[in-house]
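Visitor: I would like to walk through this model and ask how each label is earned. Shall we begin?

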Amino acid sequence: YIKTAQRLGFSLGEIGSSVAALWKATDPDSAVTQLLQDKLSLIETRIAELGELRQELQLRLTQSCPLRP
């Protein structure tokens, strides 16, 4: 579980927290599905943020003084 979760982008802290929740879950399959959905949502949000940052950096590279707001 740990190696697979790490490959899927979960930190050791997230894995540690999820293990306890999974042991207590009445439906472990649904609990794992929810964990994966939550992680995917976080990743999609981060990708969007990085896309905005990329655009900002590209715009600033076209300016004479890239650090001017």
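Guide: Gladly, and please keep in mind that this is a predicted model. Let us start with Trp-23, which lies in helix 2.

Visitor: Why is Trp-23 called exposed?

Guide: Its relative accessibility is 75%, and exposed means over 50%, so Trp-23 counts as exposed. The C-alpha atoms of Trp-23 and Ser-64 are separated by 57 Å, with the two positions 41 residues apart along the chain.

Visitor: And Ala-21, is that residue buried, partly exposed or exposed?

Guide: Ala-21 also belongs to helix 2. With a relative accessible area of 44%, Ala-21 falls between the limits of 20% and 50%, so the label is partly exposed. The C-alpha atoms of Ala-21 and Ala-31 are 8.0 Å apart, for a separation of 10 residues along the chain.

Visitor: How do you know how helix 2 and helix 3 are oriented to each other?

Guide: Two packed helices are described by the angle between their axes and by the distance between those axes. Here helix 3 covers residues 28-61, and its axis comes within 10 Å of that of helix 2, the two crossing at roughly 150 degrees. Angles over 145 degrees count as roughly antiparallel, and therefore helix 2 is roughly antiparallel to helix 3.

Visitor: What is the handedness of the crossing of helix 2 and helix 3?

Guide: The crossing of these two helices is right-handed.

Visitor: How many salt bridges does the structure hold?

Guide: There are 3 salt bridges. One of them joins Glu-14 and Lys-39.

Visitor: What makes the pair Glu-14 and Lys-39 a salt bridge?

Guide: Their closest N and O atoms are 3.1 Å apart, and the cut-off is within 4 Å, so the pair qualifies. Glu-14 sits in helix 2 and Lys-39 in helix 3, 25 residues apart, which links distant parts of the chain.

Visitor: Are Glu-14 and Lys-39 buried or exposed?

Guide: Lys-39 has 13% relative accessibility, and buried means under 20%, so Lys-39 counts as buried. Glu-14, at 30%, counts as partly exposed.

Visitor: What makes Arg-46 and Glu-49 a salt bridge?

Guide: The N to O distance between their side chains is 3.5 Å, which is within the 4 Å limit. Both residues lie in helix 3, 3 residues apart, about one turn of the helix. Arg-46 is partly exposed at 46%, and Glu-49 is partly exposed at 41%.

Visitor: How do you know that Glu-56 and Arg-60 are separated by about one helical turn?

Guide: They are 4 residues apart in helix 3, so about one helical turn separates them. Their side chains meet in a salt bridge with an N to O distance of 2.6 Å. Glu-56 has 35% relative accessibility and counts as partly exposed; Arg-60, at 22%, counts as partly exposed too, since the buried label needs a value under 20%.

Visitor: Which residues form the nonpolar patch on the surface?

Guide: Tyr-1, Ile-2 and Leu-12 form that patch, and together they have about 330 Å² of accessible area. Leu-12 lies in helix 2, which covers residues 12-24.

Visitor: What makes Leu-12 exposed?

Guide: Its relative accessibility is 56%, and the exposed label asks for over 50%, so Leu-12 counts as exposed.

Note on methods. Residues numbered from 1 in each chain as written. Predicted model: local features only at pLDDT ≥ 70, side-chain atom pairs only at ≥ 80, totals over all residues. Heavy atoms only, no water. Patch = residues over 30% accessible without salt bridge, like charges linked within 9 Å, V, L, I, M, F, W, Y side chains within 5 Å. Areas by Shrake-Rupley, 256 points an atom, 1.4 Å probe, with all protein chains shown as cover. Buried < 20%, exposed > 50% of the residue type's maximum accessible area, 1.4 Å probe, protein only. Axes fitted to C-alpha atoms, helices over the stretch in contact; angles between N-to-C directions. Parallel < 35°, antiparallel > 145°, perpendicular 65-115°, else oblique. Left-handed = near helix turned anticlockwise from the far one by under 90°.
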